[in-house]
Amino acid sequence: MHVIGKSVIRKDAQEKVSGYANYTHDYQNAKKLYGRVVLSPYAHARIVDIDLSEASKVDGIVAILTGENLPLTGESMQDRPPLAVGKVRYHGEAVVLIVSEQKEQGDLAASLIKINFELLPVVHNPTQAFQKNAPLIHENLGEYAREKDVYPVIGTNIAHHVKIRKGNMDNGWSNSSVSVEGDYSFSPSDHAAMETRSSIAEISRDGTIKIMTSSQAPFMVKQLIAKYFNEDIGKVIVDTPLVGGAYGGKASIQLELLAYLGSKAAGGQPVEIFNEREQDMIMSPCHIGLDAKVKIGADQNGIIQAMEITFLWDGGAYSDKAIDLTRAGAVDCTGPYRVENVWCDSYCMYTNHTYAAPYRGFSHSELSFAIERTMDLLAEKLQMDPLELRFKNAIKPGDTTPTRVLLNQSNVGNLQECIRKLKNLIRWEDGQVEEVNEQFVRVKGICCSWKTSTIDPNAPSGVILTFNRDGSINLMSGVVEIGTGTKTVLAQILAEKLKMDVDKIHVRMTVDTQTTPEHWKTVASRGVYMAGRALLEAADDIITQLKSISSIVLRAPVADLEVADSHVFIRDNPRIGVHFKEICYGYLYPNGNAIGGQIMGRGNFILRHLTYLDPETGEGNPGPEWTVAAYAVEVEYNRREFTYRLVKAATVVDIGTVLNRKAALGQVKGAMSMGLAFAGRETFYYDELGRVLNSQLRTYRPLRYGEQPEYLVDFVYTPDLEAAYGARGVGEHGLLGMPGALGNALSLAADVSLHNLPLTPEQIWKTKIGKV
């Protein structure tokens with residue numbers, strides 16, 4: 001490999017570190033109007049009336065919109081009005097949209113709007129929502145349009161129910177000599193991306209709709225605007241510049257709808273909806289919460305015989321992407337273990353919380369916390385080394401997933417090797433517990449995870465390659481650069497394929513849906529997997545064209561030609577050849593004759609052999625491959641004060657092939673930091689009316705400077721035969737095991753079984769005192 005595996009500097013690095021990079025809100029337009037959204041102060045209330053009379057008198061007000069006569073929206077099920085109609089279902093829900101010439105005018109008008117609310121009972125969590133007598137959040141659930149693989153339960157708060165039924169549970173329990181069970185829960189939280197969400201929409205006189213948006217899914221924005229509002233999809237153009245962090249939160253479609261409605265009401269003038277931090281945290285989609293119950297049965301040797309699992313996902317007020325998260329949690333419900341007998345019910349529950357978006361890991365860090373804490377309970381009951389227990393039960397080629405997909409070395413990798421490397425990396429043989437003194441103890445907790453990508457079975461990705469006249473190449477892909485460095489890695493793949501200098505490859509960082517080939521969404525660690533395959537096909541396309549014209553120029557058969565170093569040459573005599581620049585726009589003979597023409601390469605990829613799940617058993621193939629990993633967290637715990645310090649965190653991922661070493665390390669370490677913050681700090685706190693109490697970064701609690709542990713990362717290399725150069729997705733996987741590993745470490749350190757996130761000193765104290 002000449003370029004693959006090297007730490008190539010990112011193509012967007014100079015622009016970003018110098019401060020010249022432009023994000024959506026940086027693009028200014030002298031004609032731009034301002035969209036001001038009035039939010040609900042309550043989590044569940046009937047809208048009795050809205051008085052706009054005083055607000056409409058404010059100078060500079062162009063339009064004021066309410067939710068009447070607007071279509072329902074939502075990807076899997078259309079249950080969400082862009083602006084609340086009839087009642088509000090979460091604190092921060094958009095109720096009124098004001099379009100004004102100046103921001104201050106919109107703020108003044110918003111303060112003059114009078115909304116009369118009648119409070120309704122609040123559903124605070126998915127367990128409460130699941131009760132038979134719970135207040136209904138959607139009384140008309142059965143009337144919503146939905147995809148064919150969405151299964152709501154009419155007359156309840158269940159938006160979607162996924163069943164996994166594998167094996168024979170009676171046999172599983174009869175073969176189990178030991179069983180353990182536990183209940184686990186955590187509330188929704190925020191993505192806390194550095195760039196808050198923003199969208200700008202403008203409608204031209206000819207009906208062309210231009211939307212610029214900070215999004216992971218510009219092509220989905222295009223599709224849904226056309227679908228919801230009956231627009232010509234060819235006239236919807238979505239631009240996405242660089243995105244300042246997303247983590248799944250910008251995969252949902254929300255502000256784009258409001259900007260479009262604002263522009264339409266303003267005669268097509270450009271209208272921007274920009275979230276200040278507090279609005280971003282309470283109005284726009286959040287990180288999903290979960291209440292879970294897990295029961296595991298095993299024989300005396302620790303071999304798992306059965307798992308019975310219930311997931312109640314806190315989908316919030318609207319189902320949107322929570323339906324997909326519920327499905328993803330179900331298909332990998334057991335964690336990365338061989339379990340022949342599985343019974344899992346995964347429910348997407350409506351609550352009066354902000355509705356959920358994907359979060360880095362797509363429900364897998366959440367389910368892993370519940371499974372991995374229960375695995376440690378099993379190890380404790382068996383008096384077995386928790387790492388040995390996981391090694392014994394590790395999923396392997398020849399095993400089947402909960403949805404009965406037969407695994408092989410290519411599509412699952414090597415979890416046992418991850419565990420072996422982790423054992424050495426964290427010096428497990430030195431002991432799990434180290435007594436510092438009477439007050440302090442150091443403890444290691446471990447965890448394993450796996451993840452497949454439950455994306456649309458027909459999700460596409462395309463790549464176009466064009467030449468510049470100097471022989472350099474332009475690479476265009478619909479992958480959004482959200483900070484992962486994916487487009488740099490794509491340049492490396494192309495440079496490796498063509499054996500050329502990566503600096504001669506120019507990558508288009510921005511995306512627009514009119515000229516950029518479609519990539520489904522930049523989510524699920526699928527950017528390199530899908531676009532990489534499309535890119536290799538496009539590279540083969542231009543190689544064929546380069547060789548075709550070169551064979552005429554060099555008077556040699558195509559089979560005798562080779563491509564490297566921006567040349568096409570005769571394989572056994574490399575001195576005879578032509579440079580790309582001589583042929584990429586056609587070849588010109590000395591007498592003026594010309595042959596050929598501009599060379600352009602195209603490639604596409606679509607997932608294959610994926611299926612929907614059987615609604616009664618869950619059988620089906622939900623994703624192309626599973627990435628496995630093992631984790632550890634070491635803490636220093638203060639027995640007297642219930643506080644702790646993060647000392648070390650370790651991750652070993654079966655990455656297949658490392659495409660860019662420093663980029664891979666950065667992705668894994670960044671994900672680990674997010675996982676520790678989610679596990680130990682981050683959550684929304686609510687009052688009795690369901691209102692978010694900590695909607696600012698001063699009161700919301702991510703990890704701060706000085707709180708980071710030492711990060712240790714290693715890789716296992718089992719190539720995925722279907723991926724470009726065998727590389728597996730790695731953008732999410734450093735996060736998945738951090739909550740479980742931290743929970744296991746602190747449970748041992750504090751001598752109490754911790755089942756609720758975040759793992760704050762107060763939470764540990766409450767659990768410990770409650771136990772006493």
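Buried means under 20% relative accessible area. Keep that cut-off at hand. The model in these exercises is predicted.

**Exercise 1.** Decide whether Tyr-260 is buried or exposed.

*Solution.* Start with the value: Tyr-260 has a relative accessible area of 0%. The cut-off for buried is under 20%. Therefore Tyr-260 is buried.

**Exercise 2.** Classify the ring pair of Phe-229 and Tyr-260, then place both residues in the chain.

*Solution.* Begin with the total: the structure holds 17 aromatic pairs. One of them joins Phe-229 and Tyr-260, with 4.5 Å centre to centre. Next, take the angle: 35 degrees between the planes, a tilted pair. Now locate the residues. Phe-229 lies in helix H5 (residues 218-229), and Tyr-260 lies in helix H6 (residues 255-265). The pair therefore ties together parts that are 31 residues apart in sequence. Last, check Phe-229: its relative accessibility is 12%, so Phe-229 counts as buried.

**Exercise 3.** Do the same for Phe-467 and Phe-580.

*Solution.* The ring centres of Phe-467 and Phe-580 are 5.7 Å apart. Their planes stand at 80 degrees, and edge-to-face needs over 60. So the pair is edge-to-face. Phe-467 is in strand E20 (residues 460-467), while Phe-580 is in helix H15 (residues 580-583). This pair links distant parts of the chain, 113 residues apart. Both residues, Phe-467 and Phe-580, are buried.

**Exercise 4.** Find which ring lies under the charged end of Lys-295, and which under Arg-469.

*Solution.* Take Lys-295: its charged end sits over the ring of Trp-173, 4.7 Å from the centre. Then take Arg-469: it lies over the face of Tyr-585, 4.1 Å from the ring centre.

Methods. Residues numbered from 1 in each chain as written. Predicted model: local features only at pLDDT ≥ 70, side-chain atom pairs only at ≥ 80, totals over all residues. Heavy atoms only, no water. Phe/Tyr/Trp six-rings, centres within 6.5 Å; stacked < 30°, edge-to-face > 60°. Helix = DSSP H or I, 4+ residues; strand = E, 2+ residues; numbered from the N terminus. Buried < 20%, exposed > 50% of the residue type's maximum accessible area, 1.4 Å probe, protein only. Lys NZ or Arg CZ within 6 Å of the ring centre and 35° of its normal.
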